[in-house]
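User: Could we take a close look at one part together? I am new to this, so please explain the terms as you go.

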Amino acid sequence: MTVKKIRSIRKKIFFKKFTVLVLPQIIPLILFGIFATVMVNRYIEDTVIKSSYNTLTQTEDHIELILDEVNTLRVNYDLNSTLTIQLKNILLSQAHSINQIQVWDTVYNFLSSLENTKPYIKSIYIYYDASSEKFICTNKEIVNIKEFYDTEWYNSYMKNKSDKEFWAETRYIKRFEKDPGYDVVSVYKVLPSSHGVAVMNLSASYINQILCDLTNYDDQKLLVTDELGNILFSNTESMTIENLNQITSSEEQFFDMRSNNRRYIVHKLESDVYGWQYISIVPAITLYKIPIIMGIICCLLLITSFILSYFIVYHQTKKNYILINNMIDIIDAAENGKSLPIMSTKSDDLYAYITENILKTFIEQNYFKTQLSEKKYKYRTMELLALQSQMNPHFLNNTIENISWKAIKIVGKPNQINFMLENLSDILKYSLSNPKELVSVDEELSYTKCYVTLMQARYKNKFTMDYRIDSKSYDKKIIKLILQPLIENSIYHGIKVKNQPSQIRVRIFNRGNRLHIIVIDTGQGMAKERLIEVERDLLIEEHNYKHIGINNTYHRLKLAYDNDFIFKVRSKEKVGTIIKISIPDNMINPYI
């Protein structure tokens, strides 16, 4: 064999091994990366929608609670005609009567307390058109507009009073020349009945801080705009988002947008009362950090896996190439009658590997024989245990009968103990008989009544029974042990914990080729949250040890009737519980 052909074989071995080694690693990594990215993106999108909606709802609640204070001013100083007339007279009078002074003190104290107790209120103005340019100010009591440092609000009112009843605007107030001043959002509420206006100056910094506290993500921007799209409040001092008009005018509540070469997730909520918009803007890079990191990690893992696989395959190919050369040397030596080369005795040598596999083949054959023998032994043991378990019911019944005769012998006559033991014996015979056997409704009722008799003996005067069975239903075939677990559940979870006597009602009837079984109790019932938990637990395959009767019955019905059954639980706390079951009335044995 030529050197060129050997090298060609070496390359084929290398690429084959490399493909076999790398593909099982790379494909799962790629699939995992795609799947994880898609799932995380969906999770993030759902989380962002819920989180943004909650944040905007809280923002709306905060802002509109503040705006309701303006409506309070209108109720007091516009709709109250008596107070309005008195305030106008006070503003017009040069000298005030005792009655006017008392009214003024009441009004001013109310406005001052409102300002002092609400940290977001900087000042309040009450102005009437017929007041000779005088108005009420919580900072200065009664002042003349021409002598007051803040007159912008008056100009805004005169400009908008004929067109609007409610509006807001951002303003900057300075009380004197060197005063650093402060930002406010002035909310105007026209007083149509008294021909005036109530102005509430809100602290922009205080409300902006509230917005800062409500944010959930880094770099999240919360905005409050008026109906015209003007920014009233914001959790950032400067806004770098372009196309704000596009956001405020959009009819969508949740959408993506690009601005300044960055992608943003926008969620918007509009007030039904005031027409204001509450906007959340979150940079996409903030939300998608995890998927980006996962993508980088997956790429690094792919590169690492590729490099490691290359060196591993290269090393293995080199060893195989040496072994092939040795085999070729042996063949050449045999063909040419030369002495054979010395064989390697190392454990990782190819020839040692072949020998080991031959030995393993014989060892595994003997091992499989032993395993087969053990399985036969275990199977025989299981048969013996099954036969033994069939003997236990007879042993229990015989024991109960012996106890019953002992009770008669001690008392001298049949008594309540014998009666209870007979019921217990019937219950054991019924429950331990063939579980795959279908029984009639009449048989199920007979067994159930034995159980109820025992429970009534235990819980005297605790509950009564009411059976209403359609005569056509007695011969219908059903799986065993449907009623008893439900009645047991009613006793232990509804009646036992209730201080008053209760009743259990059993209703069985046919409707449209279906058998309906209803168990009603007037016990303690369940709260709505507990009922939801019980209904959710029915869908779980694991055992529920709190309501094992309901859970067990539901899953047995599911195994027997597949999806052709209805199982409903209805309950009301301190009223009772209803369990409704609907199954086919002509069902053949599902276990055959």
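In which helix is the place of N71? Please also tell me about the aromatic pairs.

Analyst: Happy to help! This is a predicted model, where local features need pLDDT of at least 70 and side-chain atom pairs count only at pLDDT 80 or more, while totals for chains, interfaces and linings use all residues. Residues are numbered from 1 along each chain as its sequence is written, and side-chain values use heavy atoms, leaving out hydrogens and water.

N71 belongs to helix α1, residues 3-79 (helices are DSSP runs of H or I with at least four residues, strands are runs of E with at least two, and both are numbered from the N terminus). With 26% relative accessibility, N71 is partly exposed (buried is under 20% relative accessible area, exposed over 50%, partly exposed in between, with a 1.4 Å probe and protein chains only). Beyond its neighbours within four places in sequence, N71 is in contact with K189 and Y274 (heavy atoms within 4.5 Å).

Now to the rings. They pair if the centres of Phe, Tyr or Trp rings (for Trp, the six-membered ring) lie within 6.5 Å; planes under 30 degrees apart are stacked, over 60 edge-to-face, and the rest tilted. The count by this rule is 19 aromatic pairs. In one of them, Y127 and Y157 have ring centres 5.9 Å apart and planes at 75°, so this pair is edge-to-face. Y127 lies in strand β1 (residues 121-128) and Y157 in helix α4 (residues 152-160), so the pair ties together parts 30 residues apart in sequence. Y127 is buried at 3% relative accessible area, and Y157 is buried at 2%.
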